[in-house]
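Me: Could you take a close look at one part of this structure for me, the sheet and what lies around it? I would enjoy one connected walk through it.

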Amino acid sequence: MTNKQREIANALKVKPTIDAGSEIRERVDFLKKYLLHTGAKGYVLGQSGGQDSTLAGKLAQLAVNELNAEHEGGGYSYMAVRLPYGVQSDEEDAQDAIRFIGATRVVTVNVKAAVEASVRAFEEATGEKLSDFLRGNVKARERMKVQYDLGAHYRLLVLGTDHAAEAITGFYTKHGDGACDVAPIYGLNKRQGKALLQALDCPPHLYTKKPTADLEDDKPGLPDEDALGQTYEQLDDYLELKSVPEDVARKIEERYDRTEHKRQGPVTVYDEWWKA
Ligand SMILES: Nc1ncnc2c1ncn2[C@@H]1O[C@H](COP(=O)(O)OP(=O)(O)OC[C@H]2O[C@@H]([n+]3cccc(C(=O)O)c3)[C@H](O)[C@@H]2O)[C@@H](O)[C@H]1O
Ligand SMILES: Nc1ncnc2c1ncn2[C@@H]1O[C@H](COP(=O)(O)OP(=O)(O)OP(=O)(O)O)[C@@H](O)[C@H]1O
Ligand SMILES: [Mg+2]
């Protein structure tokens, strides 16, 4: 293990071992306290049918359920938002996740028309074609926008699904799925997220399926691991300070450094981090 590995794991708050029950309790308590602190009425999050939004949504639902039990007439809620781009191939998983969570309310907004209008406006203005890859980021940012519209309208805070195995690679769209008010699964790696879902009696297919951003039309359901050229096993091992092959560690560290701008606020004249 290198100093750099320890430095990155510390920065991303990863514990080499966790107790799933304690992590769940601590995070649900945090979600409850923060709601009470802000006076907001609950949380909202896009429900993709993937592991991360299943876990974050479940923790939020547990938090609002407990608040409602403790505060007569509290009216706290968790809103699960389906945000398909047209028809989603794993729609069944999204519905299973929503059932498992027992979401207070479900709203579906198809982002396809908005994404197409946005891309069309770009292409008409520039005379250039926006690549399929960049259209993927438009989808992520459109989903963010819908969650903020719902949040502002219903006085709900927007949740995000950033966690250590995603933060380490910067594998998210800046100001898209990377944007949120509260990040309930921050500091966990991918296998720790699975352990929490297991402890919560989640249907296993929701945390054993291959993680995918599913953003590119030309590569539907592209597994994150193929896009990254790295496995979550390797990323998780690295974050738990286990030994990983030298070339794997170098690749992780190179990507971590390259994506530092995503983990920082907008760079200003007062910042030094980029000079290192
Ligand atoms: N050094 C620097 N300092 C400050 N800003 C810098 C910068 N380098 C780029 N930037 C800015 O960042 C932008 C690039 O970042 P960004 O827009 O995020 O785009 P980018 O990182 O190129 O693409 C997003 C990646 O995340 C993946 N993703 C997205 C969404 C969800 C998921 C998922 O797992 O579900 C995965 C997606 O598949 C893709 O590989 C640049 O256009 C520029 O504006
Ligand atoms: N089709 C979708 N419908 C609703 N929300 C979505 C959709 N696609 C992405 N999102 C939102 O963007 C977030 C980032 O996607 P990401 O793929 O990282 O997480 P996930 O799908 O929950 O889990 P996994 O990484 O295991 O696929 C999701 O957690 C979810 O909140
Ligand atoms: Mg996904």
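Reply: Happy to. Two strands count as paired here if DSSP finds at least two bridges between them. Please keep in mind that this is a predicted model.

With that in hand, the sheet is an open one of 4 strands, in the order S3-S2-S1-S4, and its pairing is parallel. Its edge strands are S3 (105–108) and S4 (156–158), each of which has a partner on one side only. From one strand to the next, the twist averages 25 degrees. For a closer view of one pairing, look at S2 (residues 77–82), which runs parallel to S3 over 4 bridges. There you will find Arg82 standing opposite Thr108 of S3.

Now add the helix that packs on this sheet, H6 (residues 132–154), which touches S1 (42–46), S2, S3 and S4. The direction of H6 makes about 160 degrees with that of S4.

H6 also takes you to ligand 1, since H6 gives the most to the shell around that ligand, with 3 residues. In total, 15 residues surround ligand 1, and the closest are Ala140, Thr173, Lys174, Ala213 and His261. The elements that contribute two or more residues to this shell are H6 and helix H10 (224–228). By class, the shell around ligand 1 divides into 7 nonpolar, 5 polar and 3 charged residues.

Strand S1 leads in turn to ligand 2. Here 18 residues form the surroundings, the closest being Gly46, Ser48, Gly50, Ser53 and Pro211. S1 and helix H3 (51–70) are the elements that give two or more residues to the shell around ligand 2. H3 gives the most, with 3 residues. This shell divides into 5 nonpolar, 9 polar and 4 charged residues.

From H3 you can step across to helix H4 (residues 91–101): the two axes come within 9 Å and cross at roughly 25 degrees. Angles under 35 degrees count as roughly parallel, and H3 and H4 are therefore roughly parallel to each other. Their crossing is right-handed. On the H3 side the contact is made by Ser53, Thr54, Gly57, Lys58 and Gln61, and on the H4 side by Ala97, Phe100 and Ile101. Sorted by class, this contact has 3 nonpolar, 4 polar and 1 charged residues. Ser53 is a good residue to end on: Ser53 is among the closest to ligand 2, and Ser53 also takes part in the contact of H3 with H4.

Key
Residues are numbered from 1 along each chain as its sequence is written. Chains are lettered from A and ligands numbered from 1 in the order in which they are written. This is a predicted model: local features need pLDDT of at least 70, side-chain atom pairs count only at pLDDT 80 or more; totals for chains, interfaces and linings use all residues. Axes are lines fitted to C-alpha atoms, for helices over the stretch in contact, and angles run from 0 to 180 degrees between N-to-C directions. Two residues are in contact if their C-beta atoms, placed from the backbone, lie within 7 Å. A residue is near a molecule or strand if its C-beta atom, placed from the backbone, lies within 6 Å of it. Ala, Val, Leu, Ile, Met, Phe, Trp, Tyr, Cys and Pro count as nonpolar, Asp, Glu, Lys and Arg as charged, and the others, Gly among them, as polar. Angles under 35 degrees count as roughly parallel, over 145 as roughly antiparallel, 65 to 115 as roughly perpendicular and the rest as oblique. A crossing is left-handed if the near helix is turned anticlockwise from the far one by less than a right angle, and right-handed if clockwise.
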